[in-house]
Amino acid sequence: MQYFIDVIIPIPLKKLFTYGITASEAEFLKAGMRVAVPFGKSKIYTGIVFSIHNDAPTAYEAKDIQQILDETPIVNAKQLQLWQWIANYYMCTLGDVMRAALPSGFILESETVITKSNSITIDESVLKDDEFLVYEALQHQSSLKIHDISNILDKKNVLPVIKRLIEKEAISVEEEVYEKYKPKLVRYVKLNANFSSETALRQLLDDLSRAPKQKQVVMTLFSVSATTKKPVKVSDLSNESDASSSIIKTLIDKGIFEEYHIQTDRVQYSGEDNEDTKHLNTYQETALIEVKESFKTHNVSLLHGVTSSGKTEVYVKLIEDALSAGKQVLYLLPEIALTTQLVTRLQNYFGEQVAVFHSKYSTHERVEVWNNVLNHSAKAKIVLGARSSIFLPFDNLGLIVVDEEHEQSFKQFDPAPRYHARDTAIVLAYMHEAKILLGSATPSLESYFNAKQNKYGFVELMHRFNDVLMPDIELVDIKDKLKKKLMKGHFSDRLIGEMTETLQEGHQIILFQNRRGFSPIVECNTCGVSPQCSNCDVSLTYHQYRHQLRCHYCGYVEAMLKKCKACGSSEIDSKGFGTEQIEAEVKLLFPDYNVARMDLDTTRGKYGYEKIITALEQQEIDILVGTQMLTKGLDFRNVKLVGIMNADNMLNFPDFRAHERSFQLMLQVAGRAGRTEERGKVLIQTYNPYHNILQQVSTNNYVDMFNEQMNDRYNFKYPPVYKQIKITLKHKDYNRVETASIWFAKSLRQLFADFVLGPESPPVARIRNQFHKNILVKIPKNQSLSKTKEAIAKINNSFFSIKDFRSVKVILNVDNF
Ligand SMILES: Nc1ncnc2c1ncn2[C@@H]1O[C@H](COP(=O)(O)OP(=O)(O)OP(=O)(O)O)[C@@H](O)[C@H]1O
Ligand SMILES: [Zn+2]
């Protein structure tokens with residue numbers, strides 16, 4: 001009998017690839033293990049075993065695998081099931097999903113770069129001959145590709161050697177990957193078990209009466225362990241008892257204390273201010289009961305709770321329940337909201353059971369969390385993570401929380417899989433028979449719609465914690481202010497007045513400047529030409545700080561012009577305003593106060609964002625100017641005033657969700673004001689104070705907004721009323737992409753008639769020298785989504801059988817909003 005495996009390879013192949021294995025390999029292998037497999041002429045990939053069977057492929061001769069890389073599966077059956085759902089629903093390949101799902105540390109492949117490990121020096125005698133050859137080569141070259149190593153060793157299958165070298169910590173994969181891989185060990189002490197009986201203990205204290213310092217330390221250990229019920233760090237004990245570490249050492253040497261180590265996670269949990277969970281107020285209590293009640297009839301529930309109502313505390317109670325039922329918990333958040341603020345809050349409740357999963361972590365840190373979840377480690381009972389944490393190897397989920405569920409960043413736009421983490425999490429919860437709670441102060445229309453349709457359970461929490469009033473929101477008409485000459489730069493007299501008062505009272509201020517679609521561009525005052533990116537059809541953005549012009553699409557940079565390239569005039573002006581300019585103006589208006597700025601430029605680096613947040617918390621900053629980043633569920637104690645510099649540019653953004661998003665954004669920023677005792681104040685500057693959305697924002701009227709927007713969605717056939725698939729075609733030759741997109745749209749129209757829109761050139765028609773064309777397919781509720789996708793996939797296949805179109809890139813984006 002012959003044995004075969006179907007393998008997922010991390011490249012976009014339409015089908016799984018079949019390889020031959022021996023009978024004993026067949027016995028050993030399980031789905032979810034990694035194997036090294038040859039592919040194409042000389043490539044080797046890390047693949048995941050999908051299934052084991054006896055059917056030889058008919059279209060090709062199965063090659064043999066090179067090597068088995070795992071002893072036990074690193075991907076479980078539920079994950080493989082989820083991967084299939086994603087590939088199917090989002091119209092991509094299992095290879096695409098695999099690449100997104102696995103931390104890159106798990107995927108060795110031909111393109112992998114190997115470097116010398118710089119952390120330790122290796123005892124060369126432990127290296128086998130082939131290992132030594134590679135190791136030595138790396139003493140002379142800074143990095144090697146896998147095929148270089150193949151050449152050095154003169155054999156094809158080099159992955160086992162590399163794997164051994166990694167295990168011996170002699171090499172690193174992809175520079176940063178292994179450099180930080182050194183578990184941090186923290187010293188703890190406990191009382192030796194010999195003294196656990198009361199008599200033994202009394203005896204010990206008697207014996208120690210002649211060593212009062214030591215006795216004191218023993219007593220402190222007692223009281224500390226009694227209050228925290230957690231492991232006691234040597235450092236904490238030394239602080240608490242005011243004793244030097246040498247006294248603790250004496251106690252350890254005498255066998256009275258036992259010393260032990262715990263490997264701490266990368267995100268340090270500072271067990272110091274160990275809080276018991278807070279008591280819920282009556283509103284929260286009611287909401288909690290209602291959520292539990294809704295879970296009796298629904299798997300998914302939506303918690304609509306106004307800003308600062310204390311949704312987090314409600315989640316905490318639900319998490320406690322899931323944990324005590326022995327289940328795992330996933331707490332999903334938008335990337336940017338994953339700050340120490342929330343991490344610390346949860347760690348105060350759940351200690352080291354919380355693991356954090358974040359894209360700013362090195363792949364090795366991610367591998368570590370992966371393994372902790374896989375092995376049911378006590379350190380990963382709760383995973384707090386961004387989008388990609390839905391891919392972790394859970395096998396026993398009891399609860400998923402999706403906080404800030406309206407956030408757009410849960411959707412991955414590029415590359416494939418173009419999945420939405422909230423929607424995928426719902427499927428994940430279903431597979432585990434777990435409950436899932438979506439929470440937001442400003443729910444997405446689709447979730448609220450589903451709740452109204454009773455597809456989801458629905459719970460409201462409409463009171464701020466502490467009974468603080470919702471902030472007072474005032475609209476300031478800048479057109480009128482301009483006419484009356486009451487504007488200084490971008491600041492109205494109202495805003496300046498409120499700012500002055502707030503600062504005098506010792507409170508802090510947040511100024512919000514939406515950047516999207518309104519970046520500062522440069523224009524020649526003489527001929528009106530503004531410098532364009534040479535690769536993309538957009539104007540370059542002016543960055544004052546570096547005195548540069550940049551393209552936000554491709555990253556192109558040039559120095560700021562001295563003269564207009566078109567007419568040579570030196571009268572060049574910057575139009576529009578970004579955060580930088582607001583910051584500069586504030587500094588002039590309020591020279592005696594500390595001003596800081598938070599946007600993509602100031603928050604690079606792993607902790608860039610957190611540094612600014614901490615500075616604001618510590619009140620080192622009086623006025624913070626920032627973009628969207630400011631909106632993500634942050635909790636500040638002393639911010640009293642929020643200014644929204646210009647509401648109009650977000651409202652006018654060409655997107656069917658622009659109004660919904662503006663509403664969410666403004667209410668979220670407004671929600672940062674007045675979260676403790678005093679009511680906060682929000683000023684919104686606008687040219688159009690009668691705009692419905694602004695009226696709805698100022699009265700905090702979600703329901704009005706919902707009804708009005710839903711009306712538009714019905715009328716114009718948009719989600720959540722219709723489903724939507726966007727097809728983007730790209731090519732460097734405009735004519736080719738145009739012909740191709742016309743062909744594609746025509747084929748679609750034969751099936752879907754009026755529900756096909758386009759092809760259209762997007763507002764930015766050329767990016768990185770590629771021309772784009774978009775086609776939109778709208779799918780009414782009564783039309784089968786899966787049949788529609790099948791039909792599109794078929795058209796896509798015929799498309800690629802046309803020779804002229806083969807070089808055109810086609811992107812399918814399901815739920816592209
Ligand atoms: N039961 C409680 N006891 C004590 N403090 C509480 C309680 N509930 C909430 N708080 C405090 O109130 C503040 C707001 O709570 P939280 O951050 O959970 O609100 P939220 O609903 O998540 O708001 P947002 O949607 O704006 O993020 C926090 O500082 C929190 O510590
Ligand atoms: Zn560009």
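The following paragraphs describe the domains, a sheet, the nonpolar cores, two annotated cysteine clusters and some unusual backbone positions of one chain. The structure is a predicted model.

The domain assignment divides the chain into six parts: domain 1 (3-106), domain 2 (113-173), domain 3 (184-265), domain 4 (275-465), domain 5 (472-518 + 577-712) and domain 6 (723-814). Domain 5 is thus given as two stretches of sequence, 472-518 and 577-712. Between the C-alpha centres of domain 3 and domain 5 there is a distance of 52 Å.

An open sheet is built from six strands, arranged in the order β20-β32-β31-β23-β30-β29 with parallel pairing. Its edges are formed by β20 (472-477) and β29 (595-598), each of which pairs on one side only. On average, and with direction ignored, neighbouring strands of the sheet are turned by 20° against each other. In general, the strands of a sheet pair through backbone hydrogen bonds, in either a parallel or an antiparallel manner. At one edge, six bridges connect β20 with β32 (residues 681-686) in the parallel sense. Within this pairing, I473 has V682 of β32 as its bridge partner. Helix α23 (residues 658-670) lies across four strands, namely β20, β23 (508-512), β31 (639-644) and β32. Relative to β31, helix α23 runs at about 155°.

In soluble globular proteins, nonpolar side chains tend to be buried together. The largest nonpolar core of this model contains 178 residues, and those with the most contacts inside it are V7, V383, I400, M666 and I684. When neighbours within four places in sequence are left aside, M666 is in contact with I644, A647, I684 and V697. A second core, separate from the largest one, has eleven residues, among them C533, C536, V538 and L540.

Two groups of cysteines carry annotations in the UniProt record. In an unreviewed entry, UniProt gives the annotation "binding site" to C524, C527, C564 and C567. These residues span 44 residues in sequence, yet no two of their C-alpha atoms are more than 8.5 Å apart, so they gather at one spot. C527 is located in the loop between β24 (521-524) and β25 (541-543), whereas C564 is located in the loop between β27 (557-559) and β28 (572-575). C527 is partly exposed because it has 14 C-beta neighbours inside 10 Å. C564 has 21 such neighbours inside 10 Å and therefore counts as buried. Apart from residues up to four places away in sequence, C564 touches C524, T526, C527, V529, S569 and I572. The corresponding contacts of C527, with neighbours within four places left aside, are C564, A566, C567 and S569.

The unreviewed UniProt entry also lists C533, C536, C551 and C554 under "binding site". Although these cysteines are spread over 22 residues of sequence, they cluster in space, with a largest C-alpha distance of 8.7 Å. C533 belongs to the loop between β24 and β25, while C551 belongs to the loop between β26 (548-550) and β27. C533 counts as buried because 24 C-beta neighbours lie inside 10 Å, and C551 counts as buried with 20. The threshold for this class is 20 or more other C-beta atoms within 10 Å. Residues up to four places away in sequence not being counted, C533 touches V538, L540, C551, Y553, C554 and Y556. On the same basis of counting, the contacts of C551 are C533, N535, C536, V538, L540 and Y556.

Several backbone positions also deserve description. The peptide bond from A416 to P417 is cis, with omega near 0°, and P417 lies in the loop between β17 (397-403) and α16 (421-432). Another cis peptide bond joins G758 to P759, with omega at about 10°; P759 lies in strand β34 (residues 756-760). E169 is not a glycine, but has a positive phi of about 55°. This residue, E169, is placed in the loop between α6 (159-167) and β9 (171-173), and is partly exposed, with 14 other C-beta atoms within 10 Å. R768, which is likewise not a glycine, has a positive phi of about 50°. The position of R768 is in the loop between β35 (766-767) and β36 (770-779). With 14 C-beta neighbours inside 10 Å, R768 is classed as partly exposed.

Terms used: Residues numbered from 1 in each chain as written. Chains lettered and ligands numbered in written order. Predicted model: local features only at pLDDT ≥ 70, side-chain atom pairs only at ≥ 80, totals over all residues. Core = buried A, V, L, I, M, F, W, Y, C linked by C-beta atoms within 7 Å. Buried ≥ 20, exposed ≤ 12 C-beta atoms within 10 Å, placed from the backbone. Contact = placed C-beta atoms within 7 Å. Pairing = 2+ DSSP bridges. Axes fitted to C-alpha atoms, helices over the stretch in contact; angles between N-to-C directions. Domains from an automatic or database assignment. UniProt positions renumbered as here; feature names shortened; annotations may be inferred.
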